Amino acid sequence: MISFERKVALITGAGTGIGLATAAMMAAHGASVVLVDIDRAALGRAVEVIGVPADRVLSIPADVSDADACERALAVTAERFGGLDFLVHCAGIYPEATIANTTDDAWRRLMNINLDGTFFLCRAAQSRLREGGAVVLLASLAAHRGSYAHAAYAATKGAILSFSRSLALELAPRVRVNTVSPGIIETAMTRDLIGQKGEQLLASTPLGRYGTAEDIAGTIAFLCSPLAAFVTGETLQVNGGLYLS
Ligand SMILES: NC(=O)c1ccc[n+]([C@@H]2O[C@H](COP(=O)([O-])OP(=O)(O)OC[C@H]3O[C@@H](n4cnc5c(N)ncnc54)[C@H](O)[C@@H]3O)[C@@H](O)[C@H]2O)c1
């Protein structure tokens, strides 16, 4: 039901996890994909995993907390593919520390990567996104409920929710902007959390399993597709019902 033929998607954090699964799914449905990640080696592996012809994939090593690097990534994308239809911003970090143990530097680093990066990418992308395009940002269940020993992370994700609604107003009616708030998804990001609290989290999840990166990729693909043509400024929670418990 979904075709991204002749569409161009830039996906950050595409080296692994949700970003990689999203890039693979969108490429499988016909999109040309631009993979952005700070981890060069992961990008190389991602290009192999996705396995689309070379003329439909471009990888750009970049740190999303660097405004110039974001601007360059969008400029290179526009030059190579003539424009952009989808910006999917998955890059982010999830360090654990109580507020008492969060240093000024740790706080700033989280703001730089998770929040400034979102602003830099969206600012660089907004004029290059084509009519009918879409932006999907990644928030988190932590933005809605709070998260023990992740206050700084939760603050960045809460800010992303409000940012995305404002961006949706600015880019309408040309481009839609939505956010996905995942629950516990099995990726490198949650390895420690699942190791420490896995049983308890599973017991609190009505659907009885962790999410997969593909569960989130499917939601992102839906939000980019014409099936979501009247959806903007929204947040989709994808957590197997964990939010209810
Ligand atoms: N996994 C979950 O349970 C979960 C839950 C809620 C929200 N999220 C959000 O989903 C998004 C993707 O998470 P994931 O589970 O795939 O994480 P992941 O750790 O598997 O992947 C994150 C990717 O971002 C890249 N990255 C980190 N810092 C970067 C930077 N400064 N510049 C460019 N790339 C950078 C990493 O190299 C990595 O490839 C994140 O925004 C995360 O906060 C994930």
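In this predicted model, a backbone N or O atom of Ile38 lies 3.2 Å from a nitrogen atom of the ligand. Two further polar pairs, one formed by Asp63 and one by Ile185, are listed with it below.

| Residue | Protein atom | Ligand atom | Distance |
|---|---|---|---|
| Ile38 | backbone N or O | nitrogen | 3.2 Å |
| Asp63 | polar side-chain atom | nitrogen | 2.9 Å |
| Ile185 | backbone N or O | oxygen | 2.8 Å |

Taken alone, the ligand exposes 820 Å², and the protein buries 93% of that area.

**Ligand shell**

The shell around the ligand comprises 28 residues. Ile18, Asp37, Tyr153, Ile185 and Thr187 are the closest of them. Ile185 thus appears both among these closest residues and as the partner of a ligand oxygen atom through its backbone. Sorted by class, the shell holds 16 nonpolar, eight polar and four charged residues. Helices H1 and H6 each contribute at least two residues to this shell.

**The pocket that holds the ligand**

Where does the ligand sit? Its location is the largest pocket of the model, whose volume is about 1,100 Å³. The lining of this pocket is made up of 47 residues, and those nearest its centre are Tyr94, Tyr153, Thr187, Met189 and Thr190. Tyr153 and Thr187 are named in this central group and also among the residues closest to the ligand.

Several secondary-structure elements build the lining. At least two residues each come from helix H1 (17-28), strand S2 (32-37), helix H4 (104-126), helix H5 (141-145), helix H6 (151-171) and helix H7 (191-203). Which element supplies the largest share of the lining? That element is H7, with four residues. H1 and H6, which take part in the pocket lining, are also the helices named above for the ligand shell. In terms of class, the pocket lining consists of 25 nonpolar, 15 polar and seven charged residues.

**Backbone geometry**

Two backbone features complete the description. The peptide bond that leads from Ala172 to Pro173 is cis, its omega being near 0 degrees. Pro173 belongs to the loop that connects H6 with strand S6 (175-182); H6 is itself a contributor to the pocket lining and to the ligand shell.

The second feature concerns Arg6, which adopts a positive phi of about 65 degrees although it is not a glycine. Arg6 is placed in the segment that precedes strand S1 (8-12).

Definitions and conventions. Residues are numbered from 1 along each chain as its sequence is written. This is a predicted model: local features need pLDDT of at least 70, side-chain atom pairs count only at pLDDT 80 or more; totals for chains, interfaces and linings use all residues. Side-chain values use heavy atoms; hydrogens and water are left out. On a 1 Å grid over the protein atoms alone, a cavity is a set of points where a 1.4 Å probe fits but cannot get out, and a pocket is an open set with protein on both sides within 12 Å along at least five of seven lines; lining residues have an atom within 4 Å of a point. Grid points are joined across faces, edges and corners, and a volume is the space filled by probe spheres set on the points. Ala, Val, Leu, Ile, Met, Phe, Trp, Tyr, Cys and Pro count as nonpolar, Asp, Glu, Lys and Arg as charged, and the others, Gly among them, as polar. A residue is near a molecule or strand if one of its heavy atoms lies within 4 Å of it. A polar contact is a pair of N or O atoms within 3.5 Å; within protein, one must be able to donate a hydrogen and the other to accept it, and residues adjacent in sequence count only if both atoms are side-chain atoms. Accessible areas come from the Shrake-Rupley method with a 1.4 Å probe; for residues, only the protein chains shown count as cover. A molecule sits in a cavity or pocket if more than half of its atoms lie within 2 Å of its grid points.
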